[in-house]
Amino acid sequence: MAGVDADGCLGCDLAAGRRHSPGGILYETGSWLVNHVVGAMNLGTLIVAPREHVVAVADLDGAAAAELGPVLRAAARVVEVLCEPEQTYVCLWSHGADARKHLHFAVQPVTAAVVARYGGLRSEQLQARMLASGDEPDVADVERFCGRARELFRVTAGPGNDRGSEGGRGDDG
């Protein structure tokens, strides 16, 4: 992959433990880390990010590319089970103000309550409004959610079970 660590990068700081993420790392593979979002998104929004500083999907090495689909699916399944959303968004973000930044996928549960709170907005308009609002979930709520999510990852995507890196419910649909 592109680089091991970039000074001042939020993704790298979280991966290296230089910055605290409420709930900590929920799941990890050789190439990917999953944690709860840091910032103004709703409770249950997970971030899937490469361990190393990568700014484009095209820059992923073979191992990271092979792990990506199963990790995203496992994260989406955890969100589906714990949040029971109308929809789960899986969005690639890596665009900074003036340059690409640490690649990360937001796995966001969108419930009817979330849509209503933000005036009926959906998709990128909902996300833009959320980010602009500055409203962050309560840290204690994040910690509780993460405890449940960590256990669910362990059961559904952990090594040694029959679903292995396939994650989730054990079906292909």
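1. Terms first. A residue counts as buried under 20% relative accessible area, as exposed over 50%, and as partly exposed in between. The structure discussed here is a predicted model, and the points below should be read with that in mind.

2. Overall makeup. The chain has 173 residues, of which 46% count as buried. It holds 5 helices and 5 strands, and along the sequence these follow the pattern α-β-β-β-α-β-β-α-α-α. Of the contacts between residues at least 6 apart in sequence, 61% join residues at least 24 apart.

3. Strand 4 and strand 5. These two strands run antiparallel and are joined by 8 bridges. The connection between them is a hairpin of 4 residues. Two of the partnerships can be picked out by residue: C91 has A106 of strand 5 as its bridge partner, and T88 has P109 of strand 5. For anyone looking at the pairing by eye, it helps to recall that side chains in a regular strand alternate between the two faces of the sheet.

4. Strand 5 and its other partner. Strand 3 also pairs with strand 5, in the antiparallel sense and over 3 bridges. Here L46 stands opposite V107 of strand 5. Is strand 5 largely enclosed by the rest of the structure or open? Of its 11 residues, 9 are buried, so strand 5 is largely enclosed.

5. S94. This residue sits in strand 4. S94 has a relative accessibility of 15%, and it is buried because that value falls under the 20% cut-off. Its side chain comes to 3.4 Å from the backbone oxygen of V55. With neighbours within four places in sequence left aside, the contacts of S94 are V55, A99, R100, K101, H102 and L103. V55 therefore appears both as a contact of S94 and as the residue whose backbone oxygen the S94 side chain reaches.

6. The largest pocket. About 460 Å³ of space lies in it. A general remark on how such space is found: rolling a probe the size of a water molecule over the atoms shows where empty space is left. The lining is made of 24 residues, with L10, I47, W93, K101 and H104 nearest the centre of the pocket. By class, the lining residues divide into 15 nonpolar, 8 polar and 1 charged.

7. Where that lining comes from. At least two lining residues each are supplied by helix 1 (10-16), strand 2 (32-36), strand 3 (46-50), strand 4 (87-95) and strand 5 (100-110). Strands 4 and 5, the antiparallel pair with 8 bridges, are thus among the elements that contribute to the largest pocket. One residue named above returns here: K101, a contact of S94, is one of those nearest the centre of the largest pocket.

8. The second largest pocket. Its space comes to about 220 Å³. It is lined by 15 residues, and N42, L43, V114, R117 and M130 are the closest to its centre. Helix 3 (residues 112-117) gives the most to this lining, with 3 residues. The lining divides into 10 nonpolar, 2 polar and 3 charged residues.

9. Y118. This residue is in the loop between helix 3 and helix 4 (123-133). Is Y118 buried or exposed? At 8% relative accessibility, Y118 counts as buried. Outside its neighbours within four places in sequence, Y118 is in contact with L126, R129, M130, S133 and D135. The C-alpha atoms of Y118 and M130 are 7.5 Å apart, across 12 residues of sequence. M130 also belongs to the residues closest to the centre of the second largest pocket.

10. Two backbone angles to check. E84 is not a glycine, yet its phi is positive, at about 45 degrees. E84 lies in the loop between helix 2 (62-83) and strand 4, and at 67% relative accessibility it counts as exposed. S123, also a residue other than glycine, has a positive phi near 55 degrees. S123 is found in helix 4. At 35% relative accessibility, S123 counts as partly exposed, because that value lies between the 20% and 50% cut-offs.

How values were computed:
Residues are numbered from 1 along each chain as its sequence is written. This is a predicted model: local features need pLDDT of at least 70, side-chain atom pairs count only at pLDDT 80 or more; totals for chains, interfaces and linings use all residues. Side-chain values use heavy atoms; hydrogens and water are left out. On a 1 Å grid over the protein atoms alone, a cavity is a set of points where a 1.4 Å probe fits but cannot get out, and a pocket is an open set with protein on both sides within 12 Å along at least five of seven lines; lining residues have an atom within 4 Å of a point. Grid points are joined across faces, edges and corners, and a volume is the space filled by probe spheres set on the points. Ala, Val, Leu, Ile, Met, Phe, Trp, Tyr, Cys and Pro count as nonpolar, Asp, Glu, Lys and Arg as charged, and the others, Gly among them, as polar. Buried means under 20% relative accessible area, exposed over 50%, partly exposed in between (1.4 Å probe, protein chains only). A polar contact is a pair of N or O atoms within 3.5 Å; within protein, one must be able to donate a hydrogen and the other to accept it, and residues adjacent in sequence count only if both atoms are side-chain atoms. Contact means heavy atoms within 4.5 Å. Two strands pair if DSSP finds at least two bridges between them.
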